[in-house]
Amino acid sequence: MRHLAGGVCVVTGADESGEPCGLTATAVCSLTADPPALVACVNKDTRLGGAIQKAPVFAVNVLSARQRPVAEAFAGLIPGVRGEARFAYGTWWEERPGAPLLADSLAGFVCELDEVVDRSTHLLLIGLVTDVRVTAHESGPLLYVDRQFIQSTHR
């Protein structure tokens, strides 16, 4: 599976107390165009995995190549950066409470949680897209392949 390249996203939500949480994910894809829906796979042992089943909304932020530090922070690759401290990387805002969006991501999708499929170690989140934000970038998308982040040559 390490040879299966994927676009890098940060999936965000909020726990029961309203505190933001999130993780880096490469298992994200569009599901349907009508109604607009997507799928995001998250490890159920993460803070977001524990919170998302009780949350009405979540967000998917598609990262550009220049947002590698954000990806590393939310992947737990920066020593000492955990939980809400991850949100110090980048500028975040909420179009809808409980669904933090990265202000300058390539695209941000706010989703209503439609269904959760529990499969082994992961949860498949099916989200109905309610809001979309797209930002023009000079750099292409951030990709992950062979256990490393790489920059796409596409712009």
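Student: In which loop is Arg86 found?

Tutor: This is a predicted model, and in it Arg86 belongs to a loop rather than to a helix or a strand. The helix at one end of that loop is α2 (68–74) and the strand at the other end is β7 (92–94), which places Arg86 in the loop between α2 and β7.

Student: Which side chain of opposite charge is nearest to Arg86, and how far away is that side chain?

Tutor: Arg86 is buried, yet has no salt bridge. A salt bridge would need a side-chain nitrogen of Arg86 within 4 Å of a carboxyl oxygen of Asp or Glu. The nearest side chain of opposite charge is instead that of Glu84, at 11 Å.

Student: Which backbone oxygen lies 3.3 Å from a polar atom of the Arg86 side chain?

Tutor: Leaving aside residues up to four places away in sequence, Arg86 touches Ala73, Phe74, Gly76, Val81 and Gly22. From one of these residues comes the backbone oxygen that lies 3.3 Å from a polar atom of the side chain of Arg86, and that residue is Gly22.

Student: What is the order of the strands in the open sheet?

Tutor: The sheet has seven strands, with antiparallel pairing. Its edge strands, each of which pairs on one side only, are β3 (20–25) and β4 (28–33), and the twist from one strand to the next averages 30°. Read across from β3, the order is β3-β2-β6-β9-β10-β5-β4.

Student: Which residue of β3 is the bridge partner of Val10?

Tutor: Strands β2 and β3 run antiparallel and are joined by six bridges. The hairpin that they form has five residues between the strands, and in this hairpin Gly18 takes a positive phi near 90°. Across from β2, the partner of Val10 in β3 is Thr24.

Student: Which residue of β6 is the bridge partner of Val11?

Tutor: Strand β2 is also joined to strand β6 (residues 57–62), by four bridges, and the two run antiparallel. In β6, the bridge partner of Val11 is Val60.

Student: Which residues of β2 point the other way from Cys9, Val11 and Gly13?

Tutor: In a regular strand the side chains alternate between the two faces of the sheet. Strand β2 (residues 9–14) is mostly covered, with six of its six residues buried. Cys9, Val11 and Gly13 point one way, and the residues that point the other way are Val10, Thr12 and Ala14.

Student: Which residue in β10 stands opposite Ala40?

Tutor: Strand β5 (residues 36–43) pairs with strand β10 (residues 122–134) in the antiparallel sense, over seven bridges. Opposite Ala40, the residue in β10 is Leu125.

Technical notes. Residues numbered from 1 in each chain as written. Predicted model: local features only at pLDDT ≥ 70, side-chain atom pairs only at ≥ 80, totals over all residues. Heavy atoms only, no water. Pairing = 2+ DSSP bridges. Axes fitted to C-alpha atoms, helices over the stretch in contact; angles between N-to-C directions. Buried < 20%, exposed > 50% of the residue type's maximum accessible area, 1.4 Å probe, protein only. Lys, Arg positive; Asp, Glu negative; His and termini not counted. Polar contact = N/O pair within 3.5 Å; in protein donor to acceptor, adjacent residues only side chain to side chain. Contact = heavy atoms within 4.5 Å.
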